[in-house]
Amino acid sequence: MKNNRLLLIMGALISVALIVSIFVVYNYKNNQVNSASDEQPKSTETNKSTGQDSSTTEKTDTTPEKPEQQPDENGYLPNQTLPTEPTYIKGILLANKIYPLPSTFAPEENPEARQALNQMLEAAKQQGFNLVAFSGYRSFEYQTTLYNNYVNRDGQAAADRYSARPGYSEHQTGLAFDIGERGKEDLWLTEEFGETPAGQWLFAHAQEYGFILRFPQNKEEITGYMYESWHYRYVGKDIAKEIAKQSITLEEYLGVK
């Protein structure tokens, strides 16, 4: 009898142990599944966050507000302060007398624009024209010095027709170049450059390399600057060709004339 009772007790203990083991294993598997389920959304959230972070580095267009004030006699808005962000319209960086750049905006020379410029200058050389970009990127500080020198020499009203105030210069974008012909430095920064064979070749073919004549003749009321046969701005081939085809300015193309 004692032996039978002992066997029953041992059997009961073994049964309890098996039940406990099954319960432990079941809970462990459940915890593993729940843990895996908890980690999956985190992974998805991380991927989404990375995608959002990468998109924020893209340049976004700015919807230009119609100026509340009328420009003064020199084309500038009275008492205008420089913005904290540059203005992009249709993906194009704009810098003029109404839409200035931040004083801290310092992109240096644009590599894509420089590459296109070099290709254009090489093509000109193949045609016998030794063109050179004698002025390119200018910092806010350099433009300040340059503009003040012109004002001291010619007066502000005259300087405002051919030189941008600090923060308003296209040269600060790193996309603009003043171009002339080597050996004819006396024609640099003159309208006469546009009448030379080299200047005429440049005007006719700049669009093929993504450049536009930024301040054409008879457009001072729109651009704010006198005719500059030497000042070319990089905008990309498609846009340059469209602007040339319509014989319009960048302001007219962007709808901010």
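This tour moves through the structure from the whole chain to single residues.

**The whole chain**

Begin with the entire protein chain selected, and bear in mind that the model is predicted. The protein chain contains eight helices and six strands. Followed from the N terminus, these elements come in the order α-β-β-α-β-α-α-β-α-β-α-β-α-α. Of the 257 residues in the protein chain, 39% are buried. If one takes the contacts between residues at least 6 apart in sequence, 67% of them join residues at least 24 apart. The accessible surface of the protein chain is about 15800 Å², and carbon and sulfur atoms account for 51% of that area.

**Confidence**

Next, colour the chain by pLDDT. The mean for the protein chain is 83, and 75% of its residues reach 70 or more. Now select residues 22-58, where the pLDDT is below 50. Beyond near neighbours in sequence, this stretch makes zero contacts in the model.

**Helix 5**

Select residues 197-205, which form helix 5. Which residues of helix 5 are buried? They are Ala198, Gly199, Trp201 and Leu202. Turn the view to look down the axis of helix 5: its buried residues fall within an arc of 160°, so they line one face of the helix. To see what covers these buried residues, add helix 2 (111-126) to the selection, together with strand 3 (131-135), strand 4 (176-181) and strand 6 (228-234); the cover includes these elements.

**The loop between helix 4 and strand 4**

Move to the loop that runs from helix 4 (156-162) to strand 4, and select Ser163 there. Is Ser163 buried or exposed? With a relative accessible area of 4%, Ser163 is buried, because buried residues are those under 20%. Show the residues around Ser163: apart from neighbours within four places in sequence, Ser163 is in contact with Tyr76, Gln143, Tyr147, Tyr150 and Tyr225.

Arg165 lies in the loop between helix 4 and strand 4 as well. Its relative accessibility is 17%, so Arg165 also counts as buried. Leaving out residues up to four places away in sequence, Arg165 touches Asn74, Tyr76, Gln143, Tyr147, Gln156 and Asp160. Tyr76, Gln143 and Tyr147 thus appear in the list for Ser163 and in the list for Arg165. Display the side chains of Arg165 and Asp160, which are joined by a polar contact of 2.8 Å. Then select the C-alpha atoms of Arg165 and Val151: these residues are 14 apart along the chain, and the two atoms are separated by 9.9 Å.

**Two residues with positive phi**

The last stops concern the backbone. Most residues other than glycine have a negative phi. Select Asn79, in the loop between helix 1 (2-55) and strand 1 (87-89). What is the phi of Asn79? It is positive, at about 60°, although Asn79 is not a glycine. The relative accessible area of Asn79 is 75%, so this residue is exposed.

Finally, select Asn218, in the loop between strand 5 (211-215) and helix 6 (220-223). Asn218 also has a positive phi, near 60°, in a residue other than glycine. With a relative accessible area of 80%, Asn218 is exposed.

Key: Residues numbered from 1 in each chain as written. Heavy atoms only, no water. Buried < 20%, exposed > 50% of the residue type's maximum accessible area, 1.4 Å probe, protein only. Helix = DSSP H or I, 4+ residues; strand = E, 2+ residues; numbered from the N terminus. Arc of directions from axis to C-beta. Contact = heavy atoms within 4.5 Å. Areas by Shrake-Rupley, 256 points an atom, 1.4 Å probe, with all protein chains shown as cover. pLDDT = per-residue confidence, 0-100. Polar contact = N/O pair within 3.5 Å; in protein donor to acceptor, adjacent residues only side chain to side chain.
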